[in-house]
Amino acid sequence: MKHLVHLLLLVLCIQAEAQSPWKPDAELEKQLKESNYVHRIMKANPEHAGLTRWYKKKVLKSRELPLAEDFTALRHTGPGSIHIDRQVTISGKGSIRLDTPASLGKKNPTNRNYATPEIIRPLNRENLQEYNRFSVWVYVDAPGVYLTFAGFTLYNEGEKVMPTPGRFEGQHFETVYPNQWQHIVWEMPDLYRDCVTGFSVNIMLAGAPAGADEKMSFYIDDMRIEKVEAENSRGFDLRKNAIAYSHSGYKLDARKQALVQNVKQDTFYLCDAATGQTVYQGTGIPQHKDKKQDKGFLLLDFSDFNTPGQYTISIGDIHSKPFPIGNSAYLSTAWHTLNFFFSERCGFDQPGIHQECHQDVFMYHPDGRSISVSGGWHDAADLTQGTGNTAESGIALLEMAGTVQGKDSIFYERLLEEARWGLNWILRTRFGDGYRLGGLIIGIWTQNIRGDKDDMQAEARNTPTDNLKSASYCALAVPHFEKKDPVFARWCRNSAIEDFQFAIDLLDTQRTGNNEAELYALATVTAMRLYRLTQDSYYLDWAARLARTVMDCQQLDRRTDWKIPLRGFFYESTRKKRILAYYHQSQEHLMVEGLSMLLTDSPTHADAPLWQNACEAYADYLRDIARTIAPYEVLPSAIYEVNNTDYSNLYHEGDQVGLPSLEEYNAQVRNGIPLSKGFYLRRFPVAYQFRGFHAVVMGKAKAAFILARLLDDRQLKDIATRQLEYILGYNPFAMSTVYGDGYDYPPLYGAYAGNVVGAVPVGIETFENDDEPYFPMQNNCTYKEIWTHTTARLMWCIAELFK
């Protein structure tokens, strides 16, 4: 009877919410009104920022590193000159002023910034292990720009050299806004500082956009090294006195859980956020049956509570911040990610970030024709442009639009507006014969004048991958625009049909032993999108044919020779030489997405039993690995084999110093979960210079969502949702990693865009060869870098929760 009452209450709650539009909470509603529903950039609430809490930490020990008083000891490298300034000072002792041009006479051939003039405070090979935080105040005077980007470096020559040669470890960066003193704090408990030769401050010379001054001044003052109670930055132990939970909340039909560690009580309370009244009481569940391995984790499960509202969790003296239960869960995150794309617009006058930009950047066809590539979205913290990330971002916006269509007209129309911004760029940067912009690194602001020093250009290319992604994007768009703008819809339809054919005609020219599974999976998905658009069996036939190659890349039988007899994972190619693994970008959802679309649209096809078997096999793989990372249940990254790697396609930024070795690869592999003598299941990817793994997590999450819907499998949906929760607060650091969304979010590596609400970083990384989470306060690329690739994946996973 009790269960029947609970069921009836749940049905009534779901019906009540279904009959009313999604209602934003008070804070989101304020953001939406102030931004005119994301027609101006959103502003974050600083009270929720991790930096605000870090500023309040008690300093246990402090040592000043004199600047003005020790001016002759300072070293300056790069452009400009340094002086003592007695007027602009926060310490009262005088600051160090760097006067520098905003650009140099010649553009960097890499299209990156012109230079990074640096002020170094030398030290005499000191052991500074007793200190764990660097502190300095900075001020920038840069007329005509909205923001600048400053860097901070630890120099060490002891056990390990800092910064790590050829890698990014040992440097910290933050957005600095002009005309205000800004306090920089950088905790570094994990960095080597046994033989410190100095600390430095630099500023990036990114060029002067139209209307900006060609000169700028940068001030530093009150430099210190300090000791504080450091944040946990490595491992699975939960931040002290914190609760890991989904800051975006929980849907009514979802598993609802939180996590604590080393608490004295086991009774927890769910309280109404407005009144403080207890609405639910439960008992925490210990997370290890073996007392010898007990780490003190307690699971707080309130899955059977289904009354919509805003709530907090309390256990002992530990309290969460408010979060929603009901239809409004994840609504803030969805709007915030939309704000990120709006903020990243190129060629757009974006107050608070940049003026209209990059009108002088062009791509050239082999026959000499040219097209301006201004428009679309900047790719990440830099200003790079590319078809792949632009198309994937637009697909995410359209998927989100599809889930709210008919339910939230304001959100739907705003999503379509932003999706069209990207569509216009995709359509405008194609030559109509297969050639289009593949990608171009852009790392400076330009004057928008053709013929001067800051011009950039790219060679157009004709590749299946770019055309397949563009065809998918355009095909998805057509149904949304057919009635409201049939002319635009026709343009999208014709482009999708043409681009698919350009891709198919050259498909085998791009196939390699490393990319066969991914390429054919992408082609399968695109063919199915064209079939759904046109109902032409030509595309269904192509999808079925392509899917056979995808399935030939899969391990269908269980590996009974392994400690965990896994099956269902994919190899890179039909040769099955190497198991498919991602470390930076990820397309892992594509294989099952295409197969699922085929099975849904053509269930009586002769190959349908094969598609079904392949989907069920991959579902088994997800279920089998889902509980190997206790207690967070984030999905492991991939299976690796000792001595089996290929560096031929590895991209490395900058000088070739720091390139990986087979020894380093094997060391990382062997830190994973052993399956056999030669095979290991890595919790986190094997990675080198480009670290940060949110894309890898969400590629699997997307696949799990797709299969959960296909197979009507609640367990898979819970697995998929947990991956989002991990990114949004259910992690060892008890923080949302999305800037301006949730609580305790860190500053991110925003560079040219700054601190953007809704930006999703590349993600939580690992330290050196370890296989455990590492997310330091250090703010650097790539793990802390904002990125359309990850933000798009978060949006399309959230779209699954709104279906």
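The chain in this predicted model splits into three parts by its domain assignment: domain 1 (58-228), domain 2 (249-325) and domain 3 (331-647 + 661-802). Notice that domain 3 is written as two stretches of sequence, 331-647 and 661-802. If you take centres over C-alpha atoms, domain 2 and domain 3 sit 33 Å apart. They do meet, though: 13 residues of domain 2 are in contact with 13 residues of domain 3.

Now for the enclosed spaces. Searching the whole structure turns up seven cavities of 30 Å³ or more. The largest cavity holds about 230 Å³. Its lining is made of 24 residues, and those nearest the centre are Val145, Leu147, Thr148, Gly207 and Trp445. Strand 7 (148-157) and strand 12 (215-227) are the elements that give two or more residues to this lining. Where does the largest cavity lie with respect to domain 1 and domain 3? Both domains give residues to its lining, so the largest cavity lies between them. As for what kind of residues you'd meet on its walls, 18 are nonpolar, four are polar and two are charged.

Next comes the second largest cavity, with a volume of about 110 Å³. It is lined by 14 residues, and Ile395, Arg529, His589, Leu590 and Trp796 are the closest to its centre. Helices do a good part of the work here: helix 5 (387-404), helix 7 (464-481), helix 10 (516-534) and helix 12 (590-601) each put at least two residues into the lining. By class, the walls of the second largest cavity break down into five nonpolar, three polar and six charged residues.

Follow the chain on from helix 12 and you get to Ser602, in the loop that leads to helix 13 (608-625). Is Ser602 buried or exposed? Ser602 has a relative accessible area of 11%, so it counts as buried. Leaving aside residues up to four places away in sequence, Ser602 touches Leu540, Ala608 and Trp611.

Let's turn from cavities to an open space, the second largest pocket. It offers about 760 Å³, and 38 residues line it. Lys43, Ala44, Tyr177, Tyr739 and Asn755 are the ones nearest its centre. Several elements chip in with two or more residues apiece: helix 2 (26-34), helix 3 (50-55), strand 9 (171-176), strand 10 (182-187) and helix 4 (331-343). Of these, helix 3 gives the largest share, three residues. In terms of domains, domain 1 and domain 3 each supply at least three residues to this pocket's lining. Its walls are a mix of 21 nonpolar, 13 polar and four charged residues.

Finally, a look at the cysteines. A disulfide is a covalent bond between the sulfur atoms of two cysteines. How many disulfides does this structure have? The count comes to zero. Cys346 makes a handy case to look at. The cysteine sulfur closest to its own belongs to Cys357, and the two are 3.9 Å apart, which is too far for a bond, because a disulfide calls for sulfur atoms within 2.5 Å. Cys346 is also buried, at 1% relative accessibility. Cys271 is another buried cysteine, with a relative accessible area of 10%.

How values were computed:
Residues numbered from 1 in each chain as written. Predicted model: local features only at pLDDT ≥ 70, side-chain atom pairs only at ≥ 80, totals over all residues. Heavy atoms only, no water. 1 Å grid on protein atoms, 1.4 Å probe; cavity = no way out; pocket = protein on both sides within 12 Å on 5 of 7 lines; lining within 4 Å. Points joined across faces, edges and corners; volume = space filled by probe spheres on them. Helix = DSSP H or I, 4+ residues; strand = E, 2+ residues; numbered from the N terminus. Nonpolar A, V, L, I, M, F, W, Y, C, P; charged D, E, K, R; others polar. Domains from an automatic or database assignment. Buried < 20%, exposed > 50% of the residue type's maximum accessible area, 1.4 Å probe, protein only. Contact = heavy atoms within 4.5 Å.
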